[in-house]
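User: Could you walk me through how to read a few helices and buried residues in this one?

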Amino acid sequence: MLGWFKKKRKKKDDSTPLPETDRIEEIPQPETEKEEIPKVQETEPAVEEDPGVVPESEAEPKQQEPEEILEEKKKEQAPAEPQAKSMFNRLSERLSKTRNSFVHRLDTLFLGKKEIDAQLLDDLEELLITADLGVTTAMELLDNARRRVKRKELSDPQSLKEVLKEDIKRFISESTKPAKMPESGPFVIMVIGVNGVGKTTTIGKIAHKFINSGRSVLLVAADTFRAAAVSQLQIWGERNNVKVVSRPEGSDPSSVVYDAMEVAKDYSVVLVDTAGRLHTQSNLMEELKKIKRVMGKKLPGAPHEVMLVIDATTGQNGISQARLFNAAVEVTGITLTKLDGTAKGGIVANISRDLKIPIRFIGIGEQLDDLRDFDPDEFIEALFQNKMTETDDPVV
């Protein structure tokens, strides 16, 4: 989706052919004996001493190779289908609170209705606003619905539900755009947000994603104000086996960033943790601006991504946070955490439509894999999934 996590698998191409050729030269005769005299079992123990590559490649005749290939393909495809299904079902399950607050209430409102009248639209307006879609977003959805009703493009509530789904999907898709990757040098991400939204944990999970894609990662502990913030990031560094640049608590965070930029050229990705602050604290917001300036002076173009982490449970308060942080340091991407624990998932559409800032990741749990790359199509399908089909994959 973003092109960040393309996996590199060069090692497999270099390692697998060499052991196979060695073992073929070692025991060519016992294998031919197996082909001519299948009843002889004395040669089997000698073959068992090898790791098992020879029986798969030469021990059986060439006529049976197509069947083995088909069986291997079946084995590879068999776990892939449940995995894809479980990934979507996991997302759908974690969005259940938002779905109950919004989509299932839509179904209840439309139940038994055969036409779209003024009373239905008034009830729909209240539902959209209380689902944390925001007043402006809700009014735009309603205005579009009313126009279509007047044109007689909509005749029944179910068609209205499909129009709402498509409009919300359009809001999210229009704000989606890839991150600006540098032509050379490290990709620097500055992570910001208020206290308690999960910035440090998000950094650790993003680092895990980059490492799995074959990138080298450097963590920067520029949160020198919060107690144990440095040690928390160091724990994530140990888990991911990456270096952490830090200084003692109470140090100037800009100096930590300066030290990190000195060694940043040796890494593919640099993730900078910053101190949590209220968006209303102007002095702390000025500190963020200073950190950003130091990055740009030491490494031209940095930071390439300013990622704002928002707690989805805050609802519309997250919109005001995004506005003020964006005014201070120009936010280029958003991560929504704790989306599994709130019924206020409508904030996704509101952020996308109102601020035009792309959502990079969503947090739907505490596990490493629960920080998901945000896919608008997958999100909408999971959100609007019916109760009767919650165990099925979305129909594409």
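Analyst: Let's go through a helix, a helix pair and two single residues. This is a predicted model, so to speak of local features we need pLDDT of at least 70, and side-chain atom pairs count only at pLDDT 80 or more, while totals for chains, interfaces and linings use all residues. Residues are numbered from 1 along each chain as its sequence is written, and side-chain values use heavy atoms, with hydrogens and water left out.

User: How does the expected span of helix H11 compare with the distance between its end C-alpha atoms?

Analyst: Helices are DSSP runs of H or I with at least four residues, strands are E runs of at least two, and both are numbered from the N terminus. The expected span is 1.5 Å times one less than the number of residues. H11 has 19 residues (157-175), so it should span 27 Å, and its end C-alpha atoms are 28 Å apart, which agrees. At its start, a side-chain oxygen of Asp 156 comes within 3.1 Å of the backbone nitrogen of Gln 158.

User: Which residues of H11 are buried?

Analyst: Buried means under 20% relative accessible area, exposed over 50%, and partly exposed in between (1.4 Å probe, protein chains only). In H11 the buried ones include Leu 160, Val 163, Leu 164, Asp 167, Ile 168 and Phe 171. An α-helix has 3.6 residues a turn, so residues three or four places apart point the same way. The cover over the buried residues of H11 includes helices H8, H9, H10, H17 and H18.

User: What does Leu 124 touch?

Analyst: Contact means heavy atoms within 4.5 Å. Leu 124 sits in helix H9, and it counts as buried because its relative accessibility is 0%. Leaving aside neighbours within four places in sequence, its contacts include Leu 106, Leu 109 and Phe 110, plus Leu 160 and Leu 164. The last two are also among the buried residues of H11.

User: At what angle do H16 and H17 pack?

Analyst: Axes are lines fitted to C-alpha atoms over the stretch in contact, and angles run from 0 to 180 degrees between N-to-C directions. H16 (317-329) and H17 pack at about 30°, with axes 10 Å apart. That makes them roughly parallel (angles under 35 degrees). Among the residues meeting there are Ile 319 and Ala 322 of H16, and Ile 351 and Leu 355 of H17.

User: Is Asp 223 buried or exposed?

Analyst: Asp 223 is in the loop between strand E2 and helix H13, and it counts as buried because its relative accessibility is 2%.

Note on methods:
A polar contact is a pair of N or O atoms within 3.5 Å; within protein, one must be able to donate a hydrogen and the other to accept it, and residues adjacent in sequence count only if both atoms are side-chain atoms. Angles under 35 degrees count as roughly parallel, over 145 as roughly antiparallel, 65 to 115 as roughly perpendicular and the rest as oblique.
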